[in-house]
Number of protein chains: 4
Amino acid sequence: MSRKLRMGMIGGGIGSFIGDVHRKAAAIDGMIDLVCGAFSSNADKSIQSGKDLFLAENRCYASFKEMILTEKQLLEDVKMDFVAIVTPNHMHFEPAKLALENGFHVVCDKPMTLTIEQALELEEVQKKSGKLFALTHNYTGHPMVKQAKAMVANGDLGEIRKIQVQYLQGWLSTSVEKTGQKQASWRTDPKKSGIGGALGDIGTHAENLVEYITGLKIDEIAADLGVFGDDRVLDDDGNLLLRMENGAKGTMSISQIALGEENNLAIKVYGKKGSLEWHQENPNELITHWLEEPVKIFTPNGNDLYPEALNVSRIPAGHPEGYLEAFATIYKNFATHLMAVKNNEIIEKPDYPTIKDGVRGMQFIYAAVSSDKNNAAWTTL
Amino acid sequence: MSRKLRMGMIGGGIGSFIGDVHRKAAAIDGMIDLVCGAFSSNADKSIQSGKDLFLAENRCYASFKEMILTEKQLLEDVKMDFVAIVTPNHMHFEPAKLALENGFHVVCDKPMTLTIEQALELEEVQKKSGKLFALTHNYTGHPMVKQAKAMVANGDLGEIRKIQVQYLQGWLSTSVEKTGQKQASWRTDPKKSGIGGALGDIGTHAENLVEYITGLKIDEIAADLGVFGDDRVLDDDGNLLLRMENGAKGTMSISQIALGEENNLAIKVYGKKGSLEWHQENPNELITHWLEEPVKIFTPNGNDLYPEALNVSRIPAGHPEGYLEAFATIYKNFATHLMAVKNNEIIEKPDYPTIKDGVRGMQFIYAAVSSDKNNAAWTTL
Amino acid sequence: MSRKLRMGMIGGGIGSFIGDVHRKAAAIDGMIDLVCGAFSSNADKSIQSGKDLFLAENRCYASFKEMILTEKQLLEDVKMDFVAIVTPNHMHFEPAKLALENGFHVVCDKPMTLTIEQALELEEVQKKSGKLFALTHNYTGHPMVKQAKAMVANGDLGEIRKIQVQYLQGWLSTSVEKTGQKQASWRTDPKKSGIGGALGDIGTHAENLVEYITGLKIDEIAADLGVFGDDRVLDDDGNLLLRMENGAKGTMSISQIALGEENNLAIKVYGKKGSLEWHQENPNELITHWLEEPVKIFTPNGNDLYPEALNVSRIPAGHPEGYLEAFATIYKNFATHLMAVKNNEIIEKPDYPTIKDGVRGMQFIYAAVSSDKNNAAWTTL
Amino acid sequence: MSRKLRMGMIGGGIGSFIGDVHRKAAAIDGMIDLVCGAFSSNADKSIQSGKDLFLAENRCYASFKEMILTEKQLLEDVKMDFVAIVTPNHMHFEPAKLALENGFHVVCDKPMTLTIEQALELEEVQKKSGKLFALTHNYTGHPMVKQAKAMVANGDLGEIRKIQVQYLQGWLSTSVEKTGQKQASWRTDPKKSGIGGALGDIGTHAENLVEYITGLKIDEIAADLGVFGDDRVLDDDGNLLLRMENGAKGTMSISQIALGEENNLAIKVYGKKGSLEWHQENPNELITHWLEEPVKIFTPNGNDLYPEALNVSRIPAGHPEGYLEAFATIYKNFATHLMAVKNNEIIEKPDYPTIKDGVRGMQFIYAAVSSDKNNAAWTTL
């Protein structure tokens, strides 16, 4: 009997993008076994997906309800420990609530829910349940993002004055949602995506990254959203001004019609004493500038890093880690926390995004949409 | 007797930054001789500067007025053809007006004047004079900027949807203006700089570059300016939203307190069919993206360029041209035009920034300051 | 009962670098379960390592012999399918031979054996056994390396004329082997490493990459090896000239004393019609040059790729894959082949390095050492 | 009467590449006037070239002999001070000798002469003449090359162990010399180019750069030259091993058939304590690595530079200088020296390449050709 943690997956059937990412991310560090799943709202597809994933047939469920209620009955050392929810946005709330209420911990993709009301309700459910909840803001898992956060927290950069953040993609430059492309069709559908398009899909990552690295809250935003795709109703582009709680100012640029951009999340943070720059597409570099010293570039497992960065590097310097590894770090830190909980041990500061980040993300989406409706008027988060 | 054009310089004495730049830029292509100058409002300093520059002593003047009025009297093939005005902003209008009114052509640094009223008046003076006027928005002189403009003009990118432009410097991160640093002291002084700080010094370059490359006018802006330096009154930072005349949207980020940034002017333009990206600090690359093709990088004198780009490359591919060469291209195109005028020849479309660009820059500064005063309300240029 | 493949590991106990890499690489794609191991020649350490990896205690073995002979007795659907050998070089041959002779397939780290004689003998053993054998030349698993190979194979570059390859590290710049650092101590010890130091550890990767991408054999080499570390006996640096079978020429530079280099494997291949360039530290770019076209950069899952490249990308464009993913592709292709074999299916051209690559690598080491002894005389592989 | 230095040019008529480069480089810093020239062996073409350059007609000469002998007769403050020789290699020796013997200083393009015998003779002539002689190894004029040299000289890198240098171009990938392209035709013609093709044209730059930065002499080389172009007799490609006087080892790769390479001169130098890396195509960065510190990147006029680097930067940090500016620095340092000589002042250590560098370059070419003829046997310079 393996003593790894046991994961049940909701969503992520054949042909899914993010389900496969979650599975690989959960597998890398050898702490988690996928033991069951309800991979699709279509029962046949769900079961076929489970088979393709080498699962035991009796752990391939026809629905998430069936899975949660059935697994609940299994022996303590057989049943799943937690669910991973990897469905479109509108299918996060229900399974998350049901899982928490039935004693399962939850890993959930972002944005956390369809509506702000769901987010606040889920926060209450989670509190009551006492179960763990991780939200996969995966980019915070990169060693150089940890280094950036630690540098700001340690005051290396001095007071923060200016921020530039962007998350640019181009895959919705044409009307791919009309071609039957599944990823595009639900993301452009307000019933499945919520009131934000690019805002929810990538804007929340940008918002989360800013607050994670700087340790500062975004105070208010002015958002000018764009809807460039034919017949689209949700934003596929956004240009925002930021004001941070400490007086720092900045810009955020997000887009899914920035033709040619693949997954260009990047951030620059300027302080009174130093500044830093990080690019997701080349994640193994942290570029820093200083008042009196030359440009310094930090690399994973390279010289002069904070422990927070060293701790999350898996392989020696110069062996690039990528998207899956950063994603895996969310799972690893969650799994470490969960193992501790199961062993009645205490983890000082578990480092993964939680339900609070999920609520914050929904507040960001709502503030941006509201600002945009008011011709980019300043709006508090 | 050399048949080169003869230049007289106003400003740019010993220790000046931009005066030296103008002299080198004017010299590179062998079409212009510096023959006289009023290099400083201090007569002794002016004359010493002229000597250091190997000028004949009788062509080193105590003031720009003396120079213009004296040179006017010289023989046609001796006297200066044009003046180059390289003084702080508040000293552009007067000499430019006097030069034009006395029959001299003008090359002037940017922003064009101290106030919008001066700009409009100068435009009238210039029209009446029939003399040439070049404004040194030098970044438009780069081969890859020419290529970018030509690609947009030829429709390669399709309809433009999104723009990101930034001009980031960090040299005012500390209070250098209090140390007696001359460049900093006049740029932070509204009497010498005007109502815009970073806005005038670098923001106008960003504005000009956007309109030059895209061929689109900025319709309205929302500007959130920052004043971070101790005791400063002028903006040293700005975050702006852009709306273009065709419906494209974008952001502009400018700063002189972006610590560690040297001279980071960069632009991205996204269209329906392609996109492009150019960085001043690495100016010999134009990065482009396409719907169906891989990333393509164009280089000066490389493959597949438009004539507009080929025409301004001086040396073979891989031999980097830089800031001075782009600056020199403004002078070269101005000189070519002026030689043609002197020979009663006609140049089809002289390619250098003119007094119109100068007026436009002032409108941008005024709109940004006004928007900022109204809490970043949308303001038309 | 999982229908995944079952892996037993030899070596790779607590604190190992490459053992952990193999485990993560084998786990990512969800096709392989680690079911047993002999992780150390120290029995206690082996068993503790197995426990830390959540293995069943009865599958943690005291020695590789015990493991192979015991597992052989287990039921068909319980016993391991293959062994992964992740020990220092001198401990590859014995376990590989024993595994093959007892009916187990083998994945083995490189260089394949301690001596050329062992390599040739193992090749015979493997032939007789009919079992699969994969050598983890992991860098050939990168999507952009597959694209490079496909481009050459399809003639896009024309006849190859020139090659530059380098594999540069700096971690042996100081005498780390004297500090008890395990990785350094066995790699600098000829009893454990063989006659090549950097040659075996990284030179074989460079050699393999050249032949993999170009499809050309290295005909002869002239090698000038360096031994810079105090008291070292094995090469820690090498400078080589290459002559390829088709008349192409080139250089190879390898080093473990190239201070500051992390893991800088890079290759350039120049043909009559095009050229390409790939860098391991930024593996998600393939830079190409052409006679008449601009520079083109290919990216995983980007535009215009060959199927060979598309097939190995796991995640969308712009989501960087790294070292572990490329390593995983070796495991994935091996596992796909092995599953087919188990199902009596046929795989057309399994794409992973085999025992032939292992023999070739040993020939390279021996030719280089021999050339160096003869003052860099040309030596045939 | 201008007090600038007066330059006469030999070669560099209409359509020339390098003549134009020399003129622009000499002009940038405002210390030198072009006053006369013998721009072509064709008298008409020479005179027309002079006119196009705005020279007085009586200073446009039909031959270099006429120029040297006529100018010699002019008044001291009218006649040229020095000649710039920008002809093909076979036309360096004669005019240089004549100029020196008639009292003119000399700036000469590289390689210095057609043969080693000419080089040694010219060295004698120059010694006797007491006149200055500059050789335009222009790449040593870059601020970051000066910084590199200063860092090595100050021991920052410790003892040098390994060197990688390359100079790669692709413009001779096809038989352009058969199309009438002038640059290609003389460079591939041994009568005009000498015994080295790429060796002389670019290899000498690589050799010079290595010795300039490291302060070490190349002791011996093993050269495997390639002749890839159809019907070519001179090398268009070379792969070399290097052994430095201090025991350091390295590789040199040069090519003019490295398709797609534009002007890719690059060098890496590895020491016991640090290492550095510089790329001509992106010349405003010096990348350095250290035992205990992160990667540091130095930039012109950036933080923490040696005076040697600061002294040659013309414009503020972030305003890129390029090929012409580095070339101009050779002229500037030569002109500064010459002005001092004319004023009977003494310059401590004039920093520009001299006739010694020219002799060294010829020795390099001869050693490489000899080594290649002996199947890449080690050959002393």
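## A friendly note on charges, cysteines and unusual backbone spots

1. Let us start at C:Glu76, which is exposed, with a relative accessible area of 61%. Please keep in mind from the outset that this is a predicted model. C:Glu76 has a partner, C:Lys79, and the two form a salt bridge in which the closest N and O atoms are 3.7 Å apart. The partner sits in another kind of setting: C:Lys79 has a relative accessibility of 15% and counts as buried, because anything under 20% goes into that class. If you find this pair in the viewer, you can see an exposed glutamate joined to a buried lysine.

2. How many salt bridges does the structure hold over all chains? The total is 108. A good one to look at next joins B:Lys342 and B:Asp81, with 2.7 Å between the closest N and O atoms. B:Lys342 belongs to helix 11 of chain B (residues 323-342), while B:Asp81 is in the loop between helix 3 (64-73) and strand 3 (82-85), so this pair ties together parts that are 261 residues apart in sequence. As for their surroundings, B:Lys342 is partly exposed at 42% relative accessibility, whereas B:Asp81 is buried at 9%.

3. Chain B offers a further salt bridge, this time between the side chains of B:Lys110 and B:Asp201, at 3.7 Å from N to O. Which parts of chain B does this pair tie together? B:Lys110 comes from the loop between strand 4 (105-108) and helix 5 (116-129), and B:Asp201 from helix 9 (residues 198-214), so the link spans parts that are 91 residues apart in sequence. Both B:Lys110 and B:Asp201 are buried.

4. Stay with B:Lys110 for a moment, since its backbone deserves a look too. The peptide bond from B:Lys110 to B:Pro111 is cis, and its omega is near -10°. B:Pro111 is in the loop between strand 4 and helix 5 of chain B. Chain A has a cis peptide bond of its own, joining A:Lys110 and A:Pro111, with an omega of about -10°. A:Pro111 is placed in the loop between strand 4 (105-108) and helix 5 (116-129) of chain A. Why flag such bonds? Because most peptide bonds are trans.

5. Phi angles give us two more spots to visit. Most residues other than glycine have a negative phi. B:Asp231, however, has a positive phi near 65° and is not a glycine. Its place is the loop between strand 7 (218-226) and strand 8 (237-244) of chain B, and B:Asp231 is exposed at 70% relative accessibility. In chain C, C:Asp304 also has a positive phi, of about 70°, although it is not a glycine. C:Asp304 lies in the loop between strand 13 (295-298) and helix 10 (307-310) of chain C and counts as exposed, at 51% relative accessibility.

6. Now for the cysteines. The count of disulfides over all chains is 0. What keeps A:Cys60 from bonding to another cysteine? The closest cysteine sulfur, in A:Cys36, is 8.8 Å from the sulfur of A:Cys60, which is too far for a bond, because a disulfide needs the two sulfur atoms within 2.5 Å. B:Cys108 is in no disulfide either, and its nearest cysteine sulfur, that of B:Cys36, is 16 Å away. Are these cysteines buried or exposed? A:Cys60 is buried, at 8% relative accessibility, and B:Cys108 is buried too, at 0%.

7. Some charges are best viewed as groups. A:Lys45, A:Lys182, A:Lys191 and A:Lys192 form a positive surface patch. One of these, A:Lys182, is found in helix 7 of chain A (residues 182-187), and A:Lys182 is partly exposed, with a relative accessible area of 49%. Another group brings in two chains: A:Asp20, A:Arg23, A:Lys24, C:Asp29, C:Arg314 and C:Glu321 are linked in a network of salt bridges.

8. One last stop is B:Gly130, in the loop between helix 5 and strand 5 (133-135) of chain B. B:Gly130 counts as exposed, at 56% relative accessibility. How far apart are B:Gly130 and B:Glu101 in sequence and in space? They are 29 residues apart along the chain and 9.6 Å apart from C-alpha to C-alpha.

Technical notes:
Residues are numbered from 1 along each chain as its sequence is written. Chains are lettered from A and ligands numbered from 1 in the order in which they are written. This is a predicted model: local features need pLDDT of at least 70, side-chain atom pairs count only at pLDDT 80 or more; totals for chains, interfaces and linings use all residues. Side-chain values use heavy atoms; hydrogens and water are left out. Buried means under 20% relative accessible area, exposed over 50%, partly exposed in between (1.4 Å probe, protein chains only). Patches are made of residues with over 30% relative accessible area and no salt bridge: like charges are joined within 9 Å, nonpolar side chains (Val, Leu, Ile, Met, Phe, Trp, Tyr) within 5 Å. Accessible areas come from the Shrake-Rupley method with a 1.4 Å probe; for residues, only the protein chains shown count as cover. A salt bridge is a side-chain nitrogen of Lys or Arg within 4 Å of a carboxyl oxygen of Asp or Glu. Lys and Arg count as positive and Asp and Glu as negative; His and the chain ends are not counted. The place of a charge is taken as NZ of Lys, CZ of Arg, CG of Asp or CD of Glu. Helices (H or I, at least four residues) and strands (E, at least two) are DSSP runs, numbered from the N terminus.
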